[in-house]
Amino acid sequence: GLTEGKYHGLLEMDRMDYRGLVTTSGMDALATDSANSMSAYMCGHKSSVNAMGVYESSEADPNNHPRVETMAELLKRTRGMEIGVVTTAEIQDATPAAVFAHTRRRSEYQEIMDQSLREEQQPTVYLGGGLASLLPQSHEDSSRDDDRDLVKEFADQGFTHVSTSSELTRAVRGKAPEKLLGTFHPENMNVYLDRKHDKKPEALGKWDDQPTLMEMTEAALAVLEDSEDGFFLMVEGASIDKMEHPLD
């Protein structure tokens, strides 16, 4: 609070023992994008536009550039901490993917999903849109070019999978599962107004039971909070970005 221009006390961030400063411009451009800016947060190193968790090289394969360990990987490796990723975008999108993934090209959604199945990179909680990148190509909602069923592969690794708000609520009621995968739309989740107020069939289609960001965050905390070694949770409200892109 303020009285006649004088503040009554310090903000919480003014009282923190440790503080850090991260600049998010790319190493190849002043104007950044979501991939290398989030990579700057997660790695403490700059990368090139459209890249995450790598130093750009002359390698032709976008997934074979020199890697930089992310904060999430570091916390898993050194402290055994659990990792959570929550977003209203596709879970393979730049911000959530940069928590754990390594690629020169942010659009490598299949590779990003394949990397998320590796123990040293894998989040314990993974909630958002992006179901299309998990389904075999024979499925009508799939965007994959192979027959792998990653929903099943996650289940084989101990994940409980949910695809609606109702299923999410049931999954964390009582004792929460040890690992949780939620994919509530094939692409980006619908915006809050469409999900919870208008609910027009032409906007939602068959995906008419999507959770809010708050509900996903609460569910993630229900899974992560019992971790004896602590946890790291990344929560992204992505819709404002998605709605502004058409105005670029």
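1. Let's start in the sheet. Gly84 has Leu233 in S7 as its bridge partner. A little further along, Glu82 sits opposite Phe231 of S7. These pairs are a way into the contact between strand S3 (residues 82–90) and S7, which pair in the parallel sense over six bridges. Keep in mind throughout that this is a predicted model.

2. Now zoom out. The sheet is open and has five strands, in the order S5-S6-S4-S3-S7, with parallel pairing. Strand S5 (160–162) and strand S7 (231–236) are the edges, each pairing on one side only. From one strand to the next, the twist averages 5°. Which strands does H6 touch as it packs on the sheet? They are strand S4 (125–129), S5 and S6, and the direction of H6 makes about 150° with that of S5.

3. S7 is worth a look residue by residue. In a regular strand, side chains alternate between the two faces of the sheet. Along S7, Phe232, Met234 and Glu236 point to one face and are buried. Phe231, Leu233 and Val235 point to the other face and are not buried. Note that a Glu is in the buried set, alongside Phe232 and Met234. Two members of the other set have turned up already: Leu233 as the partner of Gly84, and Phe231 as the residue opposite Glu82.

4. On to helix packing. Two packed helices are described by the angle between their axes and the distance between the axes. For helix H6 (residues 165–172) and helix H9 (residues 213–224), the axes come within 10 Å and cross at roughly 25°. Angles under 35 degrees count as roughly parallel, so H6 is roughly parallel to H9. The crossing of H6 and H9 is left-handed.

5. Who actually meets whom there? On the H6 side we have Ser165, Leu168 and Val172, and on the H9 side Glu215, Met216, Ala219, Ala222 and Val223. By class, the contact has six nonpolar, one polar and one charged residues.

6. Val223 of H9 shows up again with Glu178. Glu178 lies in the loop between H6 and strand S6 (180–183). Is Glu178 buried or exposed? Its relative accessibility is 70%, so Glu178 counts as exposed. Setting aside neighbours within four places in sequence, Glu178 is in contact with Thr124 and Val223. Thr164 is 14 residues from Glu178 in sequence, and the C-alpha to C-alpha separation is 19 Å.

7. Two residues to check on a backbone plot: Asn50 and Lys199 each have a positive phi without being glycine, at about 80° for Asn50 and about 50° for Lys199. Asn50 is in the loop between H1 and helix H2 (71–79). Lys199 is in the loop between helix H7 (192–198) and helix H8 (201–204). Asn50 counts as partly exposed because its relative accessibility is 34%. Lys199, at 47%, also counts as partly exposed.

8. Last, a residue from the helix that comes before the Asn50 loop. Ser39 is found in helix H1 (residues 34–43). With a relative accessible area of 1%, Ser39 is buried. Where do its contacts come from, once residues up to four places away in sequence are left out? Ser39 touches Gly44, His45, Ser47, Ala51, Met52, Gly53 and Ala98.

Note on methods
Residues are numbered from 1 along each chain as its sequence is written. Side-chain values use heavy atoms; hydrogens and water are left out. Helices (H or I, at least four residues) and strands (E, at least two) are DSSP runs, numbered from the N terminus. Buried means under 20% relative accessible area, exposed over 50%, partly exposed in between (1.4 Å probe, protein chains only). Contact means heavy atoms within 4.5 Å. Axes are lines fitted to C-alpha atoms, for helices over the stretch in contact, and angles run from 0 to 180 degrees between N-to-C directions. Angles under 35 degrees count as roughly parallel, over 145 as roughly antiparallel, 65 to 115 as roughly perpendicular and the rest as oblique. A crossing is left-handed if the near helix is turned anticlockwise from the far one by less than a right angle, and right-handed if clockwise. Ala, Val, Leu, Ile, Met, Phe, Trp, Tyr, Cys and Pro count as nonpolar, Asp, Glu, Lys and Arg as charged, and the others, Gly among them, as polar. Two strands pair if DSSP finds at least two bridges between them.
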